[in-house]
Amino acid sequence: MPTSPAASAGAVASPSGSSPASAAASAADPATPSWWESVSQARSRILALASILPPEVSPGVSALADSDRPARALLRSAAAYDALSGALRAGGGADDPACHWLYDTLLSQDPDLRLAALAFLPLLSSLYLLRLPPALPSSLSGFEAVLLAVYSSEAKSRQGKPVLVHVPDLSVPSLYHTPQSSPSSRSPRRPHPPPIPPPPANVVVGVLSPPLEPQAAVKSTKRAGIIGVAFEAYYAKIAQMPPASKVDACNAVAAWAGQYCRCRFELDEELEVEEGDSLGSMSPLSTDAENGNGKALEEELAKLSVNGDSSGRNCGKEEEVREARVQLPWEFLQPVMRVLGHCLLAPLNPMEVRDAAAEAVRVVYARACHDLVPQAILAARSLIELDKSARKAAKAAAVAASGIMVASGTAGSTASSSRPSSKPNTPSKQRKPDMLLVSK
């Protein structure tokens, strides 16, 4: 049985049991809890979570409170993630205890506890957008409260300032080019430079995210921006997220794009080979078309998908659109693509995360091609090309490693077979004759 937080707190509240480092840290920063406060709060949140879960998984989750770092153990527990995910799929309303637990945990001062709650953001966003429009106004209030909590925390941390990015100007000869008319190069050295110097003349300042306005409710006109800001907060901590959360993020993005047509495979090498074969086999039809056979020409154009939609594509309608397809404005798609980029290219991600990201980015590419969104096409195409080159390099390395192992094994067997058989005590080298010194 785990020790209750109140009894444990009373047992360690004595001056002899407190840590000087934690006391100094809490005195320096009142917002940062001490070590024992963090452990006590994490244990109470884990026990509260175990009380709302089914009885068959509740003992395993409550056992996490006995670990040395309960919040980190909760973040890494696959059983706790699966159990709370099932509770979220069955809830979402104003009285949902799972949403109440996520909301209260997001308001915690412990960063590990906030990470454990933030890991459920992709699944919660997917369930929320899938159930729109709601049957009742309060049926999705729990999901909206969690999203607003993440948004408000991010808006508070930014302090009303935009997120800027400095992009080098590609019109100059090099990244280190300085215009000759720059007045700062000839001005005398100042004793006190300004605290925040302006960017150089050859750097373009871009707004990655505008200043955030306070939001009291999730309105239809602000919904995409609120979820996009929540994914920006998720991306800032994505390196610490469990693999199951990253897989849910990739699956959610693929469902939101919803373009499961054959266009998503057009950049892969296998499809390029098939298209090359189909193009090479059209010469008989072209000969018939030159001879006056117009029907053959129409069939040829149909095979090449020339007569398609407004984007020039003619995909099968039965596999084109899925149920969870939503609008993808750039303020929502931009942080989502950064999440996909990490899931696809981070070296420490397991293969299941990379495969889910590879499928999602191809679905986004097909959707962007049909909707003619140039930013999304460029971003998705770049990620697909990087994924192809990474997989090709990994495959070449695996083939080279297997070849080295086979070559070393063959060389070893050949050397052992050509070596003459000898007894264990017999030396392999030829022994020199003994030299005896005889005195005269």
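Let's start with Asp355, which is partly exposed, with a relative accessible area of 37%. Keep in mind that you are looking at a predicted model. What does the side chain of Asp355 meet in a salt bridge? The partner is Arg391, and the distance from N to O is 3.0 Å. This pair links distant parts of the chain, since Asp355 sits in helix 17 (residues 351-371) and Arg391 in helix 18 (residues 374-418), 36 residues apart. Arg391 is partly exposed too, at a relative accessible area of 33%.

Stay with these two helices for a moment. Asp387 and Arg362 also bring their side chains together in a salt bridge, this one at 3.2 Å from N to O. Asp387 belongs to helix 18 and Arg362 to helix 17, so the pair ties together parts that are 25 residues apart in sequence. Are these two residues buried or exposed? Asp387 is buried, with a relative accessible area of just 3%, and Arg362 counts as buried as well, at 7%. Now zoom out a little: Asp355, Arg362, Asp387 and Arg391 are linked, along with Asp268, in a network of salt bridges.

Here is the general idea behind such contacts: side chains of opposite charge can pair when their charged atoms come close. How many salt bridges does a search of the whole structure find? The count is 13. One of them joins Arg158 and Glu232, with 2.2 Å from N to O. Arg158 lies in helix 10 (residues 141-158) and Glu232 in helix 11, so this pair ties together parts of the chain that are 74 residues apart. Arg158 counts as buried at 11% relative accessibility, and Glu232 does too at 12%.

Helix 11 has another story to tell. Two packed helices are described by the angle between their axes and the distance between the axes. Helix 11 (residues 223-236) packs with helix 9 (residues 121-130) at an angle of about 165°, and their axes are 10 Å apart. Because of that angle, helix 9 is roughly antiparallel to helix 11. The crossing of helix 9 and helix 11 is left-handed.

Next, have a look at the backbone. Most residues other than glycine have a negative phi, and most peptide bonds are trans. So where can you find something else? Try Pro133, in the loop between helix 9 and helix 10: the peptide bond from Leu132 to Pro133 is cis, with omega near -10°. Then there's Gln159, whose phi is near 60°, a positive value. Gln159 is in the loop between helix 10 and strand 1, and at 62% relative accessibility it counts as exposed. Leu372 also has a positive phi, near 60°. You'll find Leu372 in the loop between helix 17 and helix 18, where it is exposed, with a relative accessible area of 52%.

Two more stops. Leu164 is in strand 1 (residues 163-168) and is partly exposed, at a relative accessible area of 45%. Together with Val205 and Val207, Leu164 forms a nonpolar patch on the surface, with about 260 Å² of accessible area in total. Pro70, in helix 5 (residues 70-76), counts as buried at 2% relative accessibility. The C-alpha atom of Pro70 is separated by 9.8 Å from that of Ser44, a residue 26 positions away along the chain.

Definitions and conventions. Residues numbered from 1 in each chain as written. Predicted model: local features only at pLDDT ≥ 70, side-chain atom pairs only at ≥ 80, totals over all residues. Heavy atoms only, no water. Patch = residues over 30% accessible without salt bridge, like charges linked within 9 Å, V, L, I, M, F, W, Y side chains within 5 Å. Areas by Shrake-Rupley, 256 points an atom, 1.4 Å probe, with all protein chains shown as cover. Salt bridge = Lys/Arg side-chain N within 4 Å of Asp/Glu carboxyl O. Helix = DSSP H or I, 4+ residues; strand = E, 2+ residues; numbered from the N terminus. Buried < 20%, exposed > 50% of the residue type's maximum accessible area, 1.4 Å probe, protein only. Axes fitted to C-alpha atoms, helices over the stretch in contact; angles between N-to-C directions. Parallel < 35°, antiparallel > 145°, perpendicular 65-115°, else oblique. Left-handed = near helix turned anticlockwise from the far one by under 90°.
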